[in-house]
Amino acid sequence: MSDPASTGATQCGHLTPEQARILREHGTERPGSSPLNDEKRAGEYRCAGCGTPLFRSGTKYESGSGWPSFFDAIPGALGTTTDTSHGMTRTEVHCAHCNGHLGHVFPDGPPPTGLRYCMNGLALSFVPRDGAG
């Protein structure tokens, strides 16, 4: 796994202490705590650290996990690494631009990809499409 300090994660924009814990220290927010769980407007979800577009609203779905979930990402926006913490092996997802930790991807999502990108809401910012209110 890459060292975030050497790949630009420390150069992300202004972050709250909790966002820094998630994006830079691979933390996780409590399930059900993100206002983005209830976000239904058209728009895009961006990295809270650097503003890179990551997901389009049309790929968001209710997974029941307690975290904002998506079945597909914007091509080239994400990178992955193997995470063996907490006694399990998972695929960690990070921003391809600033290397900030976003969450994990699991092979139990809906069609057409079969993937569930389970993201920390504090690692994301939502930008509504013009006119989406």
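## A guided tour of the predicted model

Begin with the open sheet of 6 strands, whose order is β3-β4-β8-β7-β6-β5 and whose pairing is antiparallel. Which strands stand at the edges of this sheet? Select residues 60-61 for β3 and residues 78-83 for β5: these are the edge strands, and each has a single partner strand, so one side of each is left without a neighbour in the sheet. Please keep in mind that the model on the screen is predicted.

**Inside the sheet: β4 and β8.** Next, select residues 69-70, which form strand β4, together with residues 116-119, which form strand β8. The two strands run antiparallel and are joined by 2 bridges. To see one residue pair, display F70 and Y117: the bridge partner of F70 in β8 is Y117.

**The whole chain.** Now return to a view of the full protein chain, which contains 2 helices and 9 strands. In what order do the elements run from the N terminus on? The order is α-α-β-β-β-β-β-β-β-β-β. Colour the 133 residues by burial, and 47% of them prove to be buried. A surface display may follow: the accessible surface of the chain comes to about 6900 Å², and carbon and sulfur atoms account for 51% of this area. Contacts may be considered as well. Among those between residues at least 6 apart in sequence, 53% join residues at least 24 apart.

**The loop before β1.** Select α2, residues 17-25, and follow the chain towards β1; S34 lies in the loop between these two elements. Is S34 buried or exposed? The relative accessible area of S34 is 7%; because buried means under 20%, S34 counts as buried. Show the residues around S34: leaving aside residues up to four places away in sequence, S34 touches E29, P68 and G121. Then display L36, whose backbone nitrogen lies 3.0 Å from a polar atom of the S34 side chain.

**The hairpin.** Finally, select strand β1, residues 43-47, and strand β2, residues 53-56. These strands pair in the antiparallel sense over 3 bridges. One residue pair to display is E44 with R56, its bridge partner in β2. How many residues lie between β1 and β2 in the hairpin that they form? There are 5 residues between the two strands. End the tour at G51 in this turn, where phi is positive, at about 85°.

Terms used:
Residues numbered from 1 in each chain as written. Predicted model: local features only at pLDDT ≥ 70, side-chain atom pairs only at ≥ 80, totals over all residues. Heavy atoms only, no water. Pairing = 2+ DSSP bridges. Helix = DSSP H or I, 4+ residues; strand = E, 2+ residues; numbered from the N terminus. Buried < 20%, exposed > 50% of the residue type's maximum accessible area, 1.4 Å probe, protein only. Contact = heavy atoms within 4.5 Å. Areas by Shrake-Rupley, 256 points an atom, 1.4 Å probe, with all protein chains shown as cover. Polar contact = N/O pair within 3.5 Å; in protein donor to acceptor, adjacent residues only side chain to side chain.
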